[in-house]
Structures are given as structure tokens and as C-alpha cells.
Amino acid sequence: MNDQIKLPNLSTDKDFDGESFSPIYSTTVTVSGGTAAHGRATGRARSADGALDLDLRMPAELGGDGQGNNPEQLFAAGFAACYHGALSLVARREGLDPAAISVEATVAFGRDPEDGGYLLHVDLVVRWPGVTSEIAAPLLEKAESLCPYAKMAWQGTPTTIMLAS
């Protein structure tokens, strides 16, 4: 049985006029440290609803065994999926078929020359066979303005960090 998955009921319109952030969905993922007591090296990531449950491992390039997913892969998947969704919405609104669109996200983990810490760099490559760059360019820009991952990359994301009591 091939049931069509229903498209999300999201819009590209400015149909919200609130004065503050209004959550539509939230999720919680808990990471524990595993045998090395280091979430990135031997951790386990579990979502509150149980839909995500996977081992985290350092990639071989960072000295790990590479035998599990790492945060950069998960971030790349999230960014690519989110941008793809935004571009699909924009394409449909313009009467274009988004079926052939693919989005490749490359996330690079490296040292921050400012403070010696770490940074991520993200490159997105969109493939949209049959659509010219003249048609695609303004749609890519519109999708970038709608995608919360792209907004996070450009504007930052409000974040709170606190110790549970």
C-alpha cells in the first residue's frame, strides 16, 4: 500500500501578527555520555517520544571509531530537510513541481580562530533539474528567509542553558 503522505499545513504568507515567538512544535532529545562519559564520543541520543534513539560516536577524523552518527550529521540532516521543505513550499506557491529538488548539506567542524573554541560552517547545494538559475535564484532566497535553520545560521538562535534542580 502506497498511501500519500499529507503535506504540512504551513504557509509562506505573513499570516502571523503576534509580538513574540509562538511555538508550533517542540521536541526534546536527551543525550547521555555512555561508557566514556562523553556524549559526543560514546553518547546515546533519545527523543522524548522514542522516535529517535541512536548511538553517537566521534567520526574517525576526530579520533573516534566512526561507528555511529555524530552531531554534525544530525545537524546537516536537519538543515537540509528544513531548507528542502521551505523551498518546496515556495516552489508549489509559484506553480512549480518540487519533486526533483534535492538539498545537500555539508557541515564542517573546525577551530574558531577568534577564541580557540570550535565553529561549524555549513554549505547547502540545491539540485533542481529542469529549473533555470534565473527562476530558481529568487525562490532559493525566499526559502532562505523562511527556513528557521537558515535564520539560525544568519541571526543566531535564542538559547537558554540552565542546571536542572
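This is a short tour of a predicted model, moving from the whole chain to a helix pair, a nonpolar core and one exposed residue.

**Stop 1: the whole chain**

Start with everything shown as a cartoon. You should find four helices and five strands. If you follow the chain from its start, these elements come in the order β-α-β-β-α-β-β-α-α. Turn the model around to get a feeling for its extent: the C-alpha atoms fill a box of roughly 50 × 50 × 35 Å along the principal axes. Now colour by burial, if your viewer can do that. Of the 165 residues, 22% count as buried. Contacts are worth a look too: among those with a sequence separation of 6 or more, 37% join residues 24 or more positions apart.

**Stop 2: two helices that cross**

Next, select residues 71–93, which form helix 2, and residues 133–146, which form helix 3. Their axes come within 8 Å and cross at roughly 125 degrees. The two helices are therefore oblique to each other. The crossing itself is right-handed.

Which residues meet here, between helix 2 and helix 3? Show side chains for Tyr83, Ala86, Leu87 and Val90 on helix 2. Then add their partners on helix 3: Leu139, Leu140, Lys142, Ala143, Glu144 and Leu146. By type, this contact has eight nonpolar residues, two charged ones and no polar ones.

**Stop 3: the largest nonpolar core**

Keep those side chains on, as some of them return here. In soluble globular proteins, nonpolar side chains tend to be buried together. The largest nonpolar core in this model has 18 residues. To see its best-connected members, select Tyr83, Leu87, Ile101, Trp128, Ala143 and Cys147, which touch the most other members. Helix 2, strand 4 (102–111) and helix 3 each supply at least two residues of the core. Which element gives the largest share of this core? That is helix 2, with eight residues.

Zoom in on Cys147 for a moment. Leaving aside residues up to four places away in sequence, this cysteine touches Phe79, Cys82, Tyr83 and Ala86.

**Stop 4: out to phenylalanine 16**

Finally, go to phenylalanine 16, in the segment before strand 1 (29–32). Is phenylalanine 16 buried or exposed? Its relative accessible area is 51%, and over 50% counts as exposed, so phenylalanine 16 is exposed. For a last step, draw a distance from the C-alpha of phenylalanine 16 to that of glutamate 104. These two residues are 88 apart in sequence and 30 Å apart in space.

Conventions
Residues are numbered from 1 along each chain as its sequence is written. This is a predicted model: local features need pLDDT of at least 70, side-chain atom pairs count only at pLDDT 80 or more; totals for chains, interfaces and linings use all residues. Side-chain values use heavy atoms; hydrogens and water are left out. Axes are lines fitted to C-alpha atoms, for helices over the stretch in contact, and angles run from 0 to 180 degrees between N-to-C directions. Angles under 35 degrees count as roughly parallel, over 145 as roughly antiparallel, 65 to 115 as roughly perpendicular and the rest as oblique. A crossing is left-handed if the near helix is turned anticlockwise from the far one by less than a right angle, and right-handed if clockwise. Contact means heavy atoms within 4.5 Å. Ala, Val, Leu, Ile, Met, Phe, Trp, Tyr, Cys and Pro count as nonpolar, Asp, Glu, Lys and Arg as charged, and the others, Gly among them, as polar. Buried means under 20% relative accessible area, exposed over 50%, partly exposed in between (1.4 Å probe, protein chains only). A nonpolar core is a set of buried Ala, Val, Leu, Ile, Met, Phe, Trp, Tyr and Cys residues joined through side-chain atoms within 4.5 Å.
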